[in-house]
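The following report goes through one protein model in running text, beginning with its order of elements and ending with some individual residues.

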Amino acid sequence: MAEFNHLAVVKFKEGVVVEDVLKGLEKLVSEIESVKSFVWGQDIESPEMLRQGFTHAFLMTFGCKEDLTAFVGHPNHVEFSSTFSTVIEKVLLLDFPVVTVKAPA
C-alpha cells in the first residue's frame, strides 16, 4: 500500500499567534501514532500574486489512506480542527497517495 499525504495550505486571520497554532499542531501529531511524519513551513519567497494570501503549508504523511481516515476521525483531531477553523481565513486541503520518482544518478 502506498503512503498517503495530507496537505493544508493556510492563510491565517489577522492577529493570530501562529506559534500557538503550531504548538497545537505539533502536540496533535505527537499524540496520534498513525502520523508517520509532519513538516511545515512558512512561505518567504513567492511573490504575493502567486501566493494568493496563503502563508503556511502543513504536510502530514500516513502509512496508507486508512491511517489518514483514522486520523481525521480521531477525537483529538476533531477537537483541534474546531479550534483551527476559527483562526484561518482560508485553507486549501489536498489528500493524495505518495508517488515516488527515482532521480537520475
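## Architecture and confidence

Read from the N terminus, the elements of the protein follow one another as β-α-β-α-β-α-α-β, which amounts to 4 helices and 4 strands. The model is a predicted one, and its mean pLDDT is 93, with 99% of the residues reaching 70 or more. Among the elements, helix H2, which covers residues 48-51, has the lowest mean pLDDT at 80, whereas E1 has the highest at 97.

Taken along the principal axes, the C-alpha atoms of the protein fill a box of roughly 40 × 40 × 20 Å. Of the 105 residues in the protein, 30% are buried. Among contacts with a separation of 6 or more, 80% are accounted for by residues 24 or more positions apart.

## The nonpolar core

In soluble globular proteins, nonpolar side chains tend to be buried together. Here the largest nonpolar core has 22 residues, and those with the most contacts inside it are Phe12, Phe58, Met60, Phe71 and Phe84. At least two residues of this core are supplied by each of strand E1 (4-12), helix H1 (18-31), strand E2 (35-42), strand E3 (56-62), helix H3 (65-73) and helix H4 (75-87). H1 provides the largest share of the core, namely 6 residues.

Which residues are in contact with Phe12, leaving aside its neighbours within four places in sequence? They are Val18, Val21, Thr55, His56, Phe58, Phe84, Val87, Ile88 and Glu89. Two of these partners, Phe58 and Phe84, are also listed with Phe12 among the residues with the most contacts inside the core.

## The largest pocket

Rolling a probe the size of a water molecule over the atoms shows where empty space is left. The largest pocket of this model has a volume of about 270 Å³, and 17 residues line it, with His6, Ala8, His77, Phe84 and Leu93 lying nearest its centre. By class, the lining has 13 nonpolar and 4 polar residues, while charged residues are absent from it. E1, H1, E3, H3, H4 and strand E4 (88-97) each supply at least two residues of this lining, and the largest share, 5 residues, comes from H4.

Phe84 therefore appears in two settings, as one of the residues with the most contacts inside the core and as one of those nearest the centre of the pocket, where the lining is defined by atoms within 4 Å of a pocket point.

## Individual residues

Two residues are set side by side below, with relative accessibility and contacts that leave aside neighbours within four places in sequence.

| Residue | Place | Relative accessibility | Contacts |
|---|---|---|---|
| His77 | helix H4 | 13% | Leu28, Ile32, Phe71, Val72 |
| Val98 | segment after E4 | 25% | Ala2, Glu3, Phe4, Asn5 |

His77 counts as buried because its relative accessibility of 13% falls under the cut-off of 20%. Val98, by contrast, is partly exposed, since its relative accessible area of 25% lies between the limits of 20% and 50%. The C-alpha atoms of Val98 and Gly63, which stand 35 residues apart along the chain, are separated by 9.8 Å.

A backbone detail remains. Most residues other than glycine have a negative phi. Gln52, although it is not a glycine, has a positive phi of about 55°, and its place is in the loop between H2 and E3.

Note on methods
Residues numbered from 1 in each chain as written. Heavy atoms only, no water. Core = buried A, V, L, I, M, F, W, Y, C linked by side-chain atoms within 4.5 Å. Buried < 20%, exposed > 50% of the residue type's maximum accessible area, 1.4 Å probe, protein only. Contact = heavy atoms within 4.5 Å. pLDDT = per-residue confidence, 0-100. 1 Å grid on protein atoms, 1.4 Å probe; cavity = no way out; pocket = protein on both sides within 12 Å on 5 of 7 lines; lining within 4 Å. Points joined across faces, edges and corners; volume = space filled by probe spheres on them. Nonpolar A, V, L, I, M, F, W, Y, C, P; charged D, E, K, R; others polar.
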